[in-house]
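Please describe the architecture of this chain. Cover its domains, its sheets and the surroundings of its ligand.

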Amino acid sequence: MSKKKVLLFYPPGALFQRGEDRCQQNIDDGSAQAMRACNDLGYAAAILLKGGYEVKLQDYQTQGDNFDVLLKDMKEFAPDMIMMSITNTTIFDDLKVVNELKSRFSPIVVLKGALFFDPEQAMLDMLDLSNVDYMIGGEIDFCIGKIADYCFKGVGKPEEINNILYKNEEGKIVPTKFHVWDEDLDSQPFPARQLMNNALYIRPDTKEPMATIQTARGCPSQCVFCLTPEISGKKVRFRSPQNVLEEMIECYEKFGIRNFFFKADTFTINPDWVKEMCKLIIHSKLYGKIQFTANSRVRPLQKDTLKLMKKAGCFLVAFGFESGSDEILQKMRKGTTVAENRQAAKWCHEIGLPFWGYFVIGFPWETKEDILLTKKLVMETDPDFIEVTIALPFYGTPMYETCKQENLLAKSVLGSDFFHSSAKGTMHLSIDEVMKLRRNILLGFYLRPKYIFRKMKECVTQPGVFVQYVKYGIKLVVNLFK
Ligand code: SF4
């Protein structure tokens with residue numbers, strides 16, 4: 001019997017970080033960001049290959065392919081099932097793609113996206129899901145194999161697959177059990193990078209391929225704007241450092257990848273785990289040959305951890321500083337203080353570890369004075385790079401509830417993103433005023449002569465990197481004025 005075929009893909013169109021439940025970032029309109037690897041598709045592919053299916057994986061958006069290329073693949077590969085990653089922003093266009101493919105080819109359609117995690121019926125009612133068969137809201141690697149096995153081998157039942165929505169015999173959408181998480185991350189195969197075009201996913205400064213490696217899932221914090229505690233759980237589930245190192249070695253030896261993004265909701269949340277990971281790298285055959293970047297919170301954080309990370313090959317650490325106002329940090333339930341933000345930045349400057357500062361403005365309670373405090377912190381901390389996003393009330397977050405109660409939602413939160421908010425603004429500022437302040441912070445930071453000279457100095461021996469910086473600078477300015 002011939003193998004059943006599954007096509008896994010990101011559709012053609014604008015660049016979105018589709019594999020990220022938390023960020024789903026609009027890459028085209030941001031600053032110095034590059035697309036991260038399509039690990040969600042890679043994990044799904046690895047599971048399906050293990051189950052005996054024939055798999056094709058295509059990231060049409062990053063490849064720059066148009067809809068005709070997708071149609072050609074549908075004709076030639078003739079998949080029995082298609083699985084597409086969607087985002088809250090692109091969902092309406094994504095469904096148009098689904099409707100077109102279903103009407104022409106009739107495959108089983110599976111969608112994966114954060115908005116299907118225990119969703120409100122009112123939100124589902126806004127979507128034309130008539131041609132969708134399964135919706136995965138949870139972690140794809142724990143669901144896709146079971147859905148395929150049910151559809152093609154008659155194994156199990158949809159109601160037994162946690163964190164999905166399926167259609168019953170009457171065509172009604174039925175949720176299964178949500179808020180349950182599989183613990184054993186080491187048991188999962190590594191993403192099927194042999195099917196991914198690894199050269200598409202680059203380190204923004206050097207343009208070298210960069211693999212994304214998920215090291216942990218979940219976050220105990222409760223930031224009001226973040227989907228992570230809801231989707232990945234408040235308990236952090238770690239892979240073992242040994243298992244992570246094995247994946248890095250596979251990337252290096254099989255695919256020639258020397259740069260890594262350690263994807264964890266907070267990489268430094270457990271200092272002992274981080275230290276063990278760094279020591280393993282230092283004593284491995286990869287030491288001195290690879291570099292990595294990771295996200296961090298400013299609490300808990302130790303200077304020693306940052307030092308060890310640098311020694312192990314960390315070239316950049318990214319902090320979610322979010323705000324320069326303690327009152328706003330408290331209201332967003334970040335669980336950190338401005339003093340801790342300053343401390344983390346100071347340690348990085350002392351150690352010589354480059355860092356990225358993420359800031360968010362436009363929270364419901366923010367005044368102009370609060371946002372100017374954030375600008376003050378941006379300048380004081382003086383990161384190597386910054387991004388300032390607009391607080392987005394995702395479905396399922398406490399911030400969504402606040403915006404609803406305060407009548408701050410101008411339109412549906414579907415279809416909006418960090419740079420095109422669905423909110424009317426804050427209780428004190430219009431969205432135009434918030435956007436103006438964003439522009440003011442970004443231009444004020446990046447156009448400082450001191451900053452430009454510093455970056456030029458750093459790039460004396462790497463002219464290629466300087467060219468990249470200039471390109472990102474031009475993109476930023478164009479985006480801010482368009
Ligand atoms: S620290 Fe906050 S923003 Fe970061 S992953 Fe946890 S809940 Fe989300």
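Ala, Val, Leu, Ile, Met, Phe, Trp, Tyr, Cys and Pro count here as nonpolar, Asp, Glu, Lys and Arg as charged, and the others, Gly among them, as polar. By that scheme, the shell around the ligand holds 4 nonpolar, 4 polar and 2 charged residues. Its members are Cys219, Ser221, Cys223, Cys226, Thr228, Pro229, Asp265, Thr266, Arg297 and Gly320. A residue is near a molecule if its C-beta atom, placed from the backbone, lies within 6 Å of it.

The model is predicted: local features need pLDDT of at least 70, side-chain atom pairs count only at pLDDT 80 or more, and totals for chains, interfaces and linings use all residues. Residues are numbered from 1 along each chain as its sequence is written.

**Overall build**

The chain splits into domain 1 (5–175) and domain 2 (202–446). These bounds come from an automatic or database domain assignment. The domain centres, taken over C-alpha atoms, are 26 Å apart. The chain has 482 residues and a radius of gyration of 22 Å, which agrees with the value near 23 Å for a compact globule of that length. The radius is taken over C-alpha atoms, and the globule rule is 2.2 Å times the number of residues to the power 0.38. There are 17 helices and 15 strands. Both are DSSP runs, numbered from the N terminus: helices are H or I with at least four residues, strands E with at least two.

**The sheets**

Strands pair if DSSP finds at least two bridges between them. One open sheet has 7 strands in the order E2-E1-E3-E4-E5-E6-E7, with mixed pairing. E2 (54–59) and E7 (173–175) are its edges; each has a single partner strand, so one side of each lacks a neighbour in the sheet. E3 and E4 run parallel, joined by 5 bridges. Met81 has Ile108 of E4 as its bridge partner.

Another open sheet has 6 strands, ordered E8-E11-E12-E13-E14-E15, with parallel pairing. Its edges are E8 (210–214) and E15 (385–390). The twist averages 20 degrees from one strand to the next. E14 and E15 run parallel, with 6 bridges. Val360 is the bridge partner of Thr389 in E15.

**Helices on the sheets**

Contact means C-beta atoms, placed from the backbone, within 7 Å. Axes are lines fitted to C-alpha atoms, for helices over the stretch in contact; angles run from 0 to 180 degrees between N-to-C directions.

| Helix | Strands touched | Angle |
|---|---|---|
| H13 (residues 368–381) | E13, E14, E15 | about 175 degrees with E14 |
| H1 (residues 39–50) | E1, E2, E3, E4 | about 170 degrees with E2 |
| H6 (residues 144–153) | E1, E3, E4, E5 | about 160 degrees with E3 |

Notes
Two residues are in contact if their C-beta atoms, placed from the backbone, lie within 7 Å.
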